[in-house]
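Please look through the chain below with its strands in mind, and then follow a few chosen residues through it.

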Amino acid sequence: GELRIKFVTVLEDSRCPLGVNCVWAGNAKIQLRVTDRRGRTKLMELNTGGEPRGDRIGRYAINLVNLTPLPRPNEKFAQSRYTARLSIQRFDR
């Protein structure tokens with residue numbers, strides 16, 4: 001009840017595709033819209049392989065744990081197929 005989180009979109013996905021050996025693991029960046037119980041809204045852009053991986057709104061810290069599915073060679077996913085796993089921690093003031 002105290003937060004509403006909407007997974008808006010995947011802004012970028014340059015992660016290394018399954019079955020491919022890459023020099024760099026890559027990064028995926030997502031955008032979330034987070035609204036607290038007072039109606040304050042914050043857009044957050046979180047990354048899997050870079051910073052920031054997390055952000056705060058009020059007493060809550062939200063971190064991106066992972067994004068699935070992983071890319072596949074020569075295949076583009078529809079936005080609706082992505083799932084973001086988040087870690088949410090509440091801090092007492």
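In which strand is the place of V34? V34 has its place in strand β2, where strands are DSSP runs of E of at least two residues, numbered from the N terminus, and helices are runs of H or I of at least four residues. This is a predicted model, in which local features need pLDDT of at least 70 and side-chain atom pairs count only at pLDDT 80 or more, while totals for chains, interfaces and linings use all residues. Residues are numbered from 1 along each chain as its sequence is written, and side-chain values use heavy atoms, with hydrogens and water left out.

The chain has 0 helices and 6 strands, so that its elements, read from the N terminus on, run β-β-β-β-β-β. Its C-alpha atoms fill a box of roughly 45 × 25 × 15 Å, taken along the principal axes. Of the 93 residues, 28% count as buried, a word that here means under 20% relative accessible area, with exposed meaning over 50% and partly exposed the range in between (1.4 Å probe, protein chains only). Contact means heavy atoms within 4.5 Å, and among contacts between residues at least 6 apart in sequence, 43% join residues at least 24 apart.

V34 itself is buried, because its relative accessible area is 0%. Leaving aside residues up to four places away in sequence, V34 touches L3, R4, I5, R40, T41, K42, M44, I57 and I62. By contrast with these contacts, the C-alpha atoms of V34 and L70, which are 36 residues apart along the chain, are separated by 24 Å.

Strand β2 (residues 28-36) also holds Q31. Why does Q31 count as buried? Q31 does so because its relative accessibility is 15%. Again not counting residues up to four places away in sequence, Q31 touches K6, F7, V8, T9, L11, L43, M44 and E45. The last of these, E45, lies in strand β3 (residues 41-47), and E45 and Q31 are 14 residues apart in sequence and 4.5 Å apart in space, C-alpha to C-alpha. E45 is classed as partly exposed because its relative accessible area is 37%; under the same exclusion of residues up to four places away in sequence, E45 touches L11, K29, I30, Q31 and P52. As background to reading such positions, side chains in a regular strand alternate between the two faces of the sheet.

Further along the chain, strand β4 (residues 54-57) and strand β5 (residues 60-68) pair in the antiparallel sense over 4 bridges, where two strands are said to pair if DSSP finds at least two bridges between them. One of the residues involved is R56, whose bridge partner in β5 is A61. The two strands form a hairpin with 2 residues between them, and G58 in the turn has a positive phi of about 55°.

How many aromatic pairs does the count come to? The count comes to 1 aromatic pair. F77 and Y82 form this pair, which is edge-to-face, with 6.1 Å centre to centre and 85° between the planes; rings of Phe, Tyr and Trp (its six-membered ring) pair if their centres lie within 6.5 Å, and planes under 30 degrees apart count as stacked, over 60 as edge-to-face and the rest as tilted. Both F77 and Y82 are buried.
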